[in-house]
Every structure is written in structure tokens, then in C-alpha cells.
Amino acid sequence: MTTWMTLANEPDRAYIADYRCLFTTSSAQTLSFRFSADETAQLFLDGKRLTEGPERGVPERWYWKVVSTEIGAGEHVLSARVLCFGVKESAYGQLSVHHGFCVEDFSGLLKNWECREEEGLLFTLPYPDWGTFPRVEVTEKYCDQWIYGGG
């Protein structure tokens, strides 16, 4: 099953979106899926960095990244932090069509996804570092436990 997700109310400025799926397995097995993101994503499994991607493409050729990892029995959290900087704040070589995160689940475990915008962040252009992603400033008490299964 392929799931395309985006925030219900997308901001018209730079932001970071979090997506997560809580799931339980009764025995050890292989978690297998492929994903894509606009613009790019960092994936975590049970709070540990799993991978990032996909590779940069062009609107006519969008890339996927395949992930396969062994998991034990019990409760798990698969989460993605998706960078959404848009045309003005994005890195020079980054293209964007429309923000979102897409998962094609081969294992049948990833069924119920949630999403939210990360709060408490301020983005500024990386002057004089031309062509890179914006600088991120934490503007208030910030805790990213949501992507790990809490909150």
C-alpha cells in the first residue's frame, strides 16, 4: 500500500514536518518499505536514526529510497522529519514540486500515520554561506519526543 501524506494546513514559509507511525509486532520480522519526500527526509526507528533521502531528482524523475531492517517483537515507532524550505530558503541544488512524504509499505506494518509541524523553530537565510539550507534557531522550549513515540 502506498501512502502520500502532507500537512492539512501547509505554511507559506520554511518549516519542518514530522510524520510517524506507531505499530506493534508479535514476533521478530523484517520491516521493508520504500519512501520519497519533497524536499528531503530523515527517518528514525525507535528513536535511532535509520536513514535519510531520497536522492535529489527533478520533477520528471523523482527518486525513492528502499529500506529493509530487522525488528524485534513489541511496540515500534517509525518517524520521518521532512525539511520543507521552499524556493527562497532551500539549498541551491534542491528542487521541490509540492511538500509531502510518501511510503510504500512492503511489510504490511505501516498503517496509521500522524503528522504535525515542528514548533519553536525560526529559519534564517544562511548568509554568507551561499547555496546551503537555512540556519535553524530554536526559539522556545523544544523537545522532539513526538517523533520517538512520546507526546
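Here, a residue is called buried under 20% relative accessible area, exposed over 50%, and partly exposed in between. By that rule R49, at 47% relative accessibility, counts as partly exposed. The close-ups below all come from a predicted model.

**Figure 1. Confidence along the predicted chain.** Before zooming in, here is how the predictor rates its own work. The protein chain has a mean pLDDT of 82, with 78% of its residues at 70 or more. Among the elements, strand β6 (residues 65-71) has the highest mean pLDDT, 97. At the other end of the scale is helix α1 (residues 86-89), whose mean pLDDT of 58 is the lowest among the elements.

**Figure 2. The largest nonpolar core and the surroundings of F101.** This core holds 25 residues, and the members that touch the most others are Y19, F23, F33, F101, L110 and W113. Two or more residues come from each of β2 (15-25), β3 (29-38), β4 (40-45), β6, β7 (74-84) and β8 (100-105). Strand β2 gives the largest share, with 5 residues. A second core, separate from this one, has 6 residues, including I16, L83, F85 and L121. Now take a seat at F101 and look around, skipping its neighbours within four places in sequence: among its contacts are the aromatic residues W4, Y19, F35 and W113. F101 also contacts T3, M5, S36, A37, A41, L43, A80 and V82.

**Figure 3. The D18–R81 salt bridge and its network.** Here is one of the 6 salt bridges counted in the model. The closest N and O atoms of D18 and R81 are 3.9 Å apart. D18 belongs to strand β2 and R81 to strand β7, so their salt bridge ties together parts of the chain 63 residues apart in sequence. Both D18 and R81 are buried. There is company, too: through shared partners, salt bridges join D18, R81, R116 and E118 into one network.

**Figure 4. E114 and R20, a salt bridge between distant parts of the chain.** The side chains of E114 and R20 meet with an N to O distance of 2.8 Å. E114 sits in strand β9 (residues 113-117) and R20 in strand β2, and the two residues are 94 apart in sequence. Is each partner buried or partly exposed? E114 counts as partly exposed because its relative accessibility is 33%, while R20 counts as buried because its value is 6%. E114 also offers a second long-range pair to look at: L7 is 107 residues away in sequence, yet the two C-alpha atoms are 9.5 Å apart in space.

**Figure 5. An open sheet of four strands.** In this view 4 strands line up in the order β1-β8-β3-β6, with antiparallel pairing. The edges are formed by β1 (2-5) and β6, each of which pairs on one side only. Ignoring direction, neighbouring strands of the sheet are turned by 25° against each other on average. Look between β3 and β6 for 7 bridges in the antiparallel sense. One place to check the register is Q29, whose bridge partner in β6 is I71.

**Figure 6. Strand β4, enclosed on both faces.** All 6 of the 6 residues of β4 are buried, so the strand is largely enclosed by the rest of the structure. In a regular strand the side chains alternate between the two faces of the sheet. In β4, T40, Q42 and F44 point one way, whereas A41, L43 and L45 point the other way, and all are buried. Which strands does β4 pair with? An antiparallel pairing with β7 is made through 6 bridges, and another antiparallel pairing, with strand β5 (residues 48-53), has 5 bridges. Q42 has a partner in each: R81 in β7 and E52 in β5.

**Figure 7. The β4–β5 hairpin and a salt bridge in β5.** Strands β4 and β5 form a hairpin with 2 residues between them. D46, in the turn, has a positive phi of about 55°. E52 forms a salt bridge with R49, and their closest N and O atoms are 2.3 Å apart. E52 is partly exposed because its relative accessible area is 44%, and R49, at 47%, is partly exposed as well.

Key:
Residues numbered from 1 in each chain as written. Predicted model: local features only at pLDDT ≥ 70, side-chain atom pairs only at ≥ 80, totals over all residues. Heavy atoms only, no water. pLDDT = per-residue confidence, 0-100. Core = buried A, V, L, I, M, F, W, Y, C linked by side-chain atoms within 4.5 Å. Buried < 20%, exposed > 50% of the residue type's maximum accessible area, 1.4 Å probe, protein only. Contact = heavy atoms within 4.5 Å. Salt bridge = Lys/Arg side-chain N within 4 Å of Asp/Glu carboxyl O. Pairing = 2+ DSSP bridges. Axes fitted to C-alpha atoms, helices over the stretch in contact; angles between N-to-C directions.
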